[in-house]
Amino acid sequence: MTALLILIHLATLLNSSLAIRKLLGTQMNIETDFIRTSCGTTTDPGLCMTTFSGYASEIQASPKLLARTALSVSLNTTRSASTVIAKLSKSHGLTPKEIAAIRDCVEELKDSVDELKRACDEMGSGGGKSFELRMSDIQTWVSAALTDEDTCMDGFSGKYVNGNLKTTVRRQIVEVAHLISIGLTFVNHYAAHP
């Protein structure tokens, strides 16, 4: 009789466990589907999905959390790119023009970091300004950060820049620019549909 009760109890636990897994799986599918659908509206759906699918459980299906996460990821990626590019200026054999282009690019990246930080801070604040004014400020700062990336690359457009240097900088800046663009898409969507 005791063995039968234990067996019934285990069967009940197993069924409950399967039901919970199914429920969690369904929730995870909803969250991942939200990320996939949102990424489909961006300029780089592949990078978007790769970058943000790992945040699905945090973002859930919230346009606000998606925009906030995208800004945070953009900020961190911009900081990393700035560090990598700043280290390039210490490479041996660079021409004065290459060093100047790197320094200008690092300055542009610092501006981007400041603008993205302001956008992140404003996205996290809830008081003071109206929603529309806050979102307008965020959109302005994120757009400015995106422009900074273009300006950075302008310094590497001439023939005087070593091909390997140009490729390394371009790789960093393209990823940053794509992530900022994705972030701006999510901010714009959230601003239009709070």
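These legends describe close-up views of a predicted model.

**View 1. The largest nonpolar core of the predicted model contains 34 residues.** Ile35, Phe52, Leu71, Ile138, Val142 and Phe186 have the most contacts inside this core. At least two core residues come from each of α1 (2–39), α2 (45–52), α3 (56–59), α4 (63–88), α5 (96–124), α6 (131–154) and α7 (163–192). Helix α7 gives the largest share, with 8 residues. In soluble globular proteins, nonpolar side chains tend to be buried together.

**View 2. Leucine 71 is shown with its contacts.** Leaving aside residues up to four places away in sequence, leucine 71 touches Ala119, Cys120, Met123, Ile138, Val142 and Val187. Among these partners, Ile138 and Val142 are also listed with leucine 71 as having the most contacts inside the largest core. Cys120, another partner of leucine 71, has a relative accessibility of 17% and therefore counts as buried, the limit being under 20%.

**View 3. A second nonpolar core, separate from the largest one, has 15 residues.** Ile102, Cys105, Val106 and Phe156 are among its members. Cys105 also takes part in a disulfide with cysteine 152, which is the subject of View 5.

**View 4. Cysteine 39 and cysteine 48 are joined by a disulfide.** The S to S distance is 2.0 Å. The link is left-handed, with -70° about the S-S bond. Cysteine 39 and cysteine 48 are both buried. A disulfide is a covalent bond between the sulfur atoms of two cysteines. The count for the model is 2 disulfides, and with bonded cysteines counted along the chain their pattern is 1-2, 3-4.

**View 5. A disulfide connects cysteine 105 with cysteine 152.** Here the sulfur atoms are 1.7 Å apart, and the link is left-handed with -70° about the S-S bond. Because cysteine 105 belongs to helix α5 and cysteine 152 to helix α6, the pair ties together parts that are 47 residues apart in sequence. Cysteine 105 and cysteine 152 are buried.

**View 6. Arginine 36 and aspartate 33 form a salt bridge in helix α1.** Their closest N and O atoms are 2.9 Å apart. The two residues are 3 residues apart in the helix, so about one helical turn separates them. Arginine 36 has a relative accessible area of 45% and is partly exposed. Aspartate 33, at 40% relative accessibility, is partly exposed as well. Side chains of opposite charge can pair when their charged atoms come close.

**View 7. Lysine 110 and glutamate 107 meet in a salt bridge in helix α5.** The N to O distance is 3.8 Å. A spacing of 3 residues within the helix means that about one helical turn lies between lysine 110 and glutamate 107. Both side chains belong to partly exposed residues, with relative accessible areas of 42% for lysine 110 and 43% for glutamate 107.

**View 8. Glutamate 122 and lysine 129 belong to a salt-bridge network.** The side chains of glutamate 122 and lysine 129 meet at 3.7 Å, N to O. Glutamate 122 is buried, with a relative accessible area of 12%, whereas lysine 129 is partly exposed at 33% relative accessibility. Salt bridges with shared partners join Glu122, Lys129 and Asp137 into one network. The model has a count of 5 salt bridges.

Key: Residues numbered from 1 in each chain as written. Predicted model: local features only at pLDDT ≥ 70, side-chain atom pairs only at ≥ 80, totals over all residues. Heavy atoms only, no water. Core = buried A, V, L, I, M, F, W, Y, C linked by side-chain atoms within 4.5 Å. Buried < 20%, exposed > 50% of the residue type's maximum accessible area, 1.4 Å probe, protein only. Helix = DSSP H or I, 4+ residues; strand = E, 2+ residues; numbered from the N terminus. Contact = heavy atoms within 4.5 Å. Disulfide = S-S within 2.5 Å. Salt bridge = Lys/Arg side-chain N within 4 Å of Asp/Glu carboxyl O.
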